[in-house]
Amino acid sequence: MEPTQFHQLRKALGTFYWDNGFDTFCHVTGFDPQFQHAQEKWQQFSICIQAMGQLDDRTWETLLEASLAAQQTEPLLPR
């Protein structure tokens, strides 16, 4: 994934989170809102979105570039 694609993904997920609530989350994901599991997943999604916002775009880009570079140097098949 390129850094620009990641930024688009992060923005899209953030927009979904801020524009929708728990009921829409359950509808989209297929979680039954009557079960505790759905509430837990909503809470995890919320924490994820908020945590992703703690780093600026340049930091995310640097981390992605380092990750991509490391992946290119690793063999495709385990030895």
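1. A good place to start is the aromatic cluster: ring pairs join Phe16, Tyr17, Trp18, Phe22, Phe25, Phe31, Trp42 and Phe45. Rings of Phe, Tyr and Trp (its six-membered ring) pair if their centres lie within 6.5 Å; planes under 30 degrees apart are stacked, over 60 edge-to-face, and the rest tilted.

2. A word on the basis: this is a predicted model, in which local features need pLDDT of at least 70 and side-chain atom pairs count only at pLDDT 80 or more, while totals for chains, interfaces and linings use all residues. Residues are numbered from 1 along each chain as its sequence is written, and side-chain values use heavy atoms, with hydrogens and water left out.

3. The structure has 10 aromatic pairs. One of them, Tyr17 with Trp18, is edge-to-face, at 5.0 Å centre to centre and 80° between the planes. The ring centres of Phe25 and Phe31 are 5.8 Å apart with planes at 40°, so this pair is tilted.

4. Burial (buried is under 20% relative accessible area, exposed over 50%, partly exposed in between; 1.4 Å probe, protein chains only) is worth a look here. Tyr17 is buried at 11%, whereas Trp18 is exposed at 63%. Phe25 is buried at 6%, and Phe31 is partly exposed at 26%.

5. Now helix H2, residues 22–29 (helices are DSSP runs of H or I, at least four residues, numbered from the N terminus). Its buried residues are Phe22, Phe25 and Cys26. Down the axis of H2 they fall within an arc of 95° (taken from the directions from the helix axis to the C-beta atoms), so they line one face. The face turned away from the buried side carries the exposed Asp23, His27 and Val28.

Methods
Helix = DSSP H or I, 4+ residues; strand = E, 2+ residues; numbered from the N terminus.
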